[in-house]
Amino acid sequence: MKKFLLITFFALSQFLMAQDKGKLTGLLTDKETNNEPLPFANVLIKGTTIGATTDFDGLYSFAVPAGTHTVVFSFLGYKTIEKTFTIKAGETVAINQLMSAEEGVALDDVVIKTTTSKEKESALLLKQKKATVIVESIGAERLSKTGVSNASNATTKISGVTKSEGTGDIYVRGLGDRYLSTTMNGLPIPSDNVDNKNINLSLFPTSIIENVGISKTYATSNYLDQASGNVNVETKGYRRKEFSIGVSGGSNTNVMGQFGDFRRTIITDDVTMGFHQKQFAVQDLITRQGWDTRSQSTPLNFNISLSGGTKFDVFGKELSVFATASHSKSFNYQNGLFKIARANIVEQIFDDVEIFSSNVNTTAYANLGLKLSDDHKIKFNSLFVAKSIDYLYEQGRNGNGFVFEQEPEEDGAFVRDQNFKQTLMFVNQVLGEHNLFENNTLKWAVGFNFILAEEPNRIRNEVSILNPTTVQYANNSAFQQRKSSQKIEDNEINAYIKDSWSLGEANEDDNLPYKLNFGVNYRHKERNFRSLFIGVDADGFQVPSVDEFSSTFTSTAFNNGLRLVERPLDRYNGTFNAVAGFADFDFQFNKFTGNVGVRYERDEIYVEWDVANFQGRTGSLNRDYNNINPSINLKYELNDRNFVRFATSISQTLPEFKEFAPFEYVSPTGRVTKGNPDIERSNVYNVDLKWEFYPSREELFSVTTFYKKIEDPINLAQARGSAGIFQFNNTGDEANIFGIEVEGRVGFLQNDDEENLMSLTGNVTQMWLTQDLLTNFQYNNKTESSLQGASDFILNSSLSYSNKKEREFIATLSGNYSSDKIFALGSPESFASSDTLFNEEIIEKGFVTLDLVLSKEITEKLTARFIGRNLLNPSIRQTQDIRNLNTGITTTETVLQYKKGSQLSLNLKYTF
């Protein structure tokens with residue numbers, strides 16, 4: 001009874017308090033833009049925290065206690081206006097206000113305000129609403145709420161986007177790495193990994209990200225090499241004078257169970273702060289460095305970051321500086337199983353795969369902005385990333401491993417692969433914007449990029465465990481005991497010039513209805529790849545255990561039967577040149593706007609190689625493509641909140657150097673990926689139709705249908721004639737993709753000031769994907785398939801709560817689901833017996849991920865945040881159908897399985 005009375009009293013008091021308030025509403029307009037509505041202006045009751053910001057249409061509305069108050073209207077670079085008013089309980093008072101720039105303050109400062117708002121969801125929605133092309137973005141504000149740590153995870157919050165846990169590749173509308181392009185501030189950036197066309201987006205921490213945008217339709221100002229879209233990372237610039245420091249610590253739940261038993265590679269003996277210092281040549285490492293692993297004490301995750309910005313006057317010019325740096329280390333442990341099947345026969349079985357890994361990431365970023373005048377601005381961006389991964393892979397320690405036809409024994413197979421990967425990346429950009437005439441704007445940019453990706457010392461051992469005290473080295477090949485090195489060096493120069501002329505007679509809003517845009521693009525990229533293998537023939541040699549390999553590889557042993565085996569250096573060199581000119585035309589007829597354009601682009605690719613797995617070792621190829629491609633983007637305004645968009649274009653996807661070069665890269669599991677000199681580009685035809693509805697400045701509902709036709713689609717497929725080899729091929733004549741995307745962002749559960757305390761964001765994508773299969777890839781009456789890497793159903797959602805108080809508390813729960821996808825297409829083992837001797841496609845099974853972020857402002861300057869990632873910790877599985885050759889019965893076998901573990905961390909950030 002007491003509880004009932006207390007609840008009743010509380011509810012009644014809240015009701016009575018609500019009756020003591022009125023509502024203040026109004027419209028703010030902008031004198032500087034012919035009295036158009038002014039979004040994102042601040043409206044505040046003086047001496048309180050009660051207030052709001054104006055929405056897309058310049059409107060505001062919030063509850064105010066009864067009485068006499070002073071309302072303050074403000075906007076950066078504009079005069080601050082104060083007005084006194086009296087309001088009664090239950091009354092609505094409307095105050096409209098015309099805002100104008102401060103005397104002597106250029107309207108350019110208002111543009112700066114808009115630019116700094118690109119981190120906010122409301123500003124990005126406004127940009128999306130006004131844009132002619134179809135683009136979706138996620139800003140720093142939403143990234144912070146959802147606890148996203150890098151650009152890779154950020155993209156998965158956008159509709160139709162998912163990430164492969166097996167490879168880390170980003171997939172947009174079912175199309176993976178080769179169909180995607182990546183830019184930073186509109187300029188191309190190179191890949192850090194031989195296995196990828198695009199850079200690993202996890203190299204971009206959120207501390208340098210202003211927003212991440214994905215353009216799913218093509219515009220002629222972009223390079224043609226994008227079929228599914230372009231990911232553009234807009235980096236941060238100066239916002240305000242401040243300095244902050246952040247620290248965090250945590251652990252992976254899988255690692256927690258390995259305290260005291262966590263191991264690292266012996267290679268890390270030569271590593272300091274994530275930087276490897278090579279001590280010997282690979283040949284000398286055979287005897288002058290051990291082969292056994294090391295123990296790792298205190299495998300705890302940590303991160304420290306610094307950031308700050310300021311502004312100067314240099315000879316009367318405004319110079320702004322923003323810089324940030326971070327250093328982090330994290331540990332991971334995985335335990336699972338792995339199998340390899342060939343022609344419906346399982347040839348490798350390991351049920352105790354263990355992976356110990358640690359990641360060190362050092363990032364430094366600086367932005368300099370120079371404002372020569374209101375009409376001339378230049379900015380410089382420099383990004384340095386040093387990333388290293390220590391990767392220890394073992395399978396078969398329990399003695400149950402099996403490798404078909406391995407000598408001396410098939411049973412008891414054991415594999416250890418120790419690898420240290422180090423990537424150094426420099427990205428330097430200079431960008432300029434100049435208003436040359438009243439209606440003319442010239443933009444230009446130049447980028448200089450450098451990538452050094454190395455595996456300075458990789459160690460691999462393959463043995464047979466004969467009994468608990470006897471281990472014998474496998475001797476099928478002289479390279480089953482080996483040390484190797486690999487080095488990739490990329491250098492790139494890219495640039496663009498774009499000029500825009502506004503044309504026509506001013507409309508009633510004083511805007512010119514037409515704009516002619518034209519310009520040129522240039523890109524030159526070079527790659528140098530080197531790989532060296534040094535093997536040891538240890539036929540007949542034995543050791544007591546798999547932790548005592550170092551005792552074998554000594555100078556004495558080489559005088560008593562061990563044999564060093566060297567093979568020539570594997571290498572390939574690649575050059576890519578792209579030169580393009582484009583022109584497009586923006587137009588507006590009342591509620592109908594659009595952009596039509598055309599682009600000429602010439603792409604030249606040259607690759608030469610000298611590798612062991614190519615007959616005769618040496619070869620070269622040259623591809624020269626000339627293209628004239630159009631694009632059309634149209635938008636019709638049904639009303640001020642409803643829009644219909646249509647887009648169509650022709651683009652392409654070019655094979656990458658690693659897809660051409662016939663070098664075989666062996667993964668720790670033994671899977672081999674190989675390039676194909678016969679591969680050709682794919683032409684892509686794109687059509688999009690989208691409806692958008694904006695209920696408020698922070699809400700959106702949209703439905704998109706899209707269609708893509710891909711000629712000569714490229715897929716990763718299992719090669720005939722050898723187990724575990726995957727090769728890139730044009731697997732069919734044509735692929736077709738039809739899909740529907742639905743996206744929504746809504747707010748609800750308002751407080752007394754009519755602010756949304758909760759928000760729900762979600763997007764769903766359903767696709768239908770088919771491609772025909774060429775004869776070389778048909779088997780068991782299978783003549784068509786889905787596309788490699790494509791999930792036909794993708795769901796992303798997040799639920800967020802904020803108490804909207806001075807010491808804000810935010811809680812966000814985010815989830816993602818992507819359905820089954822093909823990891824690699826199948827193939828016949830024999831054309832004559834393709835109904836029985838074939839390799840079925842490998843399927844990566846769908847799974848659900850769940851993340852939780854809790855954030856609390858402890859003081860005005862100190863914020864604490866708890867982040868839990870991958871809380872459900874689902875099994876990551878790949879399966880393959882295998883038919884028993886004796887019974888004809890097909891069973892679905894799990895060929896790879898592991899769990900990533902949940903990442904738990906506590907972060908503290910202090911702003912001075």
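Trainee: Which residue in S43 is the bridge partner of Lys-674?
Mentor: Keep in mind that we're looking at a predicted model. Strand S39 covers residues 672-674 and runs parallel to strand S43, residues 725-730, with 3 bridges joining the two. In S43, the partner of Lys-674 is Gln-727.

Trainee: Which strands are the edge strands of the sheet S38-S39-S43-S42?
Mentor: The sheet is open, has 4 strands and mixes its pairing, in the order S38-S39-S43-S42. An edge strand pairs on one side only, and that picks out S38 (664-666) and S42 (714-718). As for the twist, it averages 25 degrees from one strand to the next. So the edge strands you asked for are S38 and S42.

Trainee: Why is one side of S4 and of S7 left without a neighbour in the sheet?
Mentor: Look at the open sheet with antiparallel pairing, where 4 strands follow the order S4-S3-S6-S7. S4 (51-53) and S7 (81-87) stand at its edges, so one side of each has no neighbour there. Ignoring direction, neighbouring strands in this sheet are turned by 20 degrees against each other on average. The reason for the bare sides is that S4 and S7 each have a single partner strand.

Trainee: And in S6, which residue does Asn-42 stand opposite?
Mentor: Strand S3 (residues 42-45) and strand S6 (residues 67-74) run antiparallel, joined by 4 bridges. Opposite Asn-42 in S6 you'll find Ser-74.

Trainee: How many bridges join S22 to S23?
Mentor: Start with S22 (residues 301-314) and S17 (residues 242-252), which run antiparallel with 9 bridges; one pair there is Ile-245 with Leu-306. S22 also runs antiparallel to S23 (residues 317-342), and Thr-310 stands opposite Val-321 in S23. The number of bridges joining S22 to S23 is 13.

Trainee: Which residue in the turn between S22 and S23 has a positive phi?
Mentor: S22 and S23 make a hairpin with 2 residues between them. The phi in question is about 50 degrees, and the residue is Phe-315.

Trainee: Where is Met-273, with its positive phi, found?
Mentor: Met-273 isn't a glycine, yet its phi is positive at about 55 degrees. Its place is the loop between strand S19 (271-272) and strand S20 (275-276).

Trainee: How far apart in sequence are the parts that Glu-656 and Lys-525 tie together?
Mentor: These two form a salt bridge, with the closest N and O atoms 3.8 Å apart, which fits the 4 Å cut-off. Glu-656 sits in the loop between strand S37 (642-653) and helix H9 (657-660), while Lys-525 belongs to strand S31 (residues 514-537). The parts are therefore separated in sequence by 131 residues.

Trainee: Which strands each supply at least two residues of the nonpolar patch?
Mentor: The patch takes up about 710 Å² of surface, and its residues include Leu-436, Trp-501, Leu-516 and Phe-585. Phe-585 is in strand S34 (residues 570-589). The strands supplying at least two residues each are S27, S30 and S31.

Trainee: Which residue joins Glu-407 through a cis peptide bond?
Mentor: Glu-407 gathers with Glu-405, Glu-409 and Asp-411 in a surface patch of negative charge. Asp-411 lies in the loop between strand S26 (402-403) and strand S27 (413-437), and the cis partner is found in the loop between S26 and S27 too. Omega of the cis bond is about 10 degrees, and the partner of Glu-407 is Pro-408.

Technical notes: Residues are numbered from 1 along each chain as its sequence is written. This is a predicted model: local features need pLDDT of at least 70, side-chain atom pairs count only at pLDDT 80 or more; totals for chains, interfaces and linings use all residues. Side-chain values use heavy atoms; hydrogens and water are left out. Axes are lines fitted to C-alpha atoms, for helices over the stretch in contact, and angles run from 0 to 180 degrees between N-to-C directions. Patches are made of residues with over 30% relative accessible area and no salt bridge: like charges are joined within 9 Å, nonpolar side chains (Val, Leu, Ile, Met, Phe, Trp, Tyr) within 5 Å. Accessible areas come from the Shrake-Rupley method with a 1.4 Å probe; for residues, only the protein chains shown count as cover. A salt bridge is a side-chain nitrogen of Lys or Arg within 4 Å of a carboxyl oxygen of Asp or Glu. Lys and Arg count as positive and Asp and Glu as negative; His and the chain ends are not counted. The place of a charge is taken as NZ of Lys, CZ of Arg, CG of Asp or CD of Glu.
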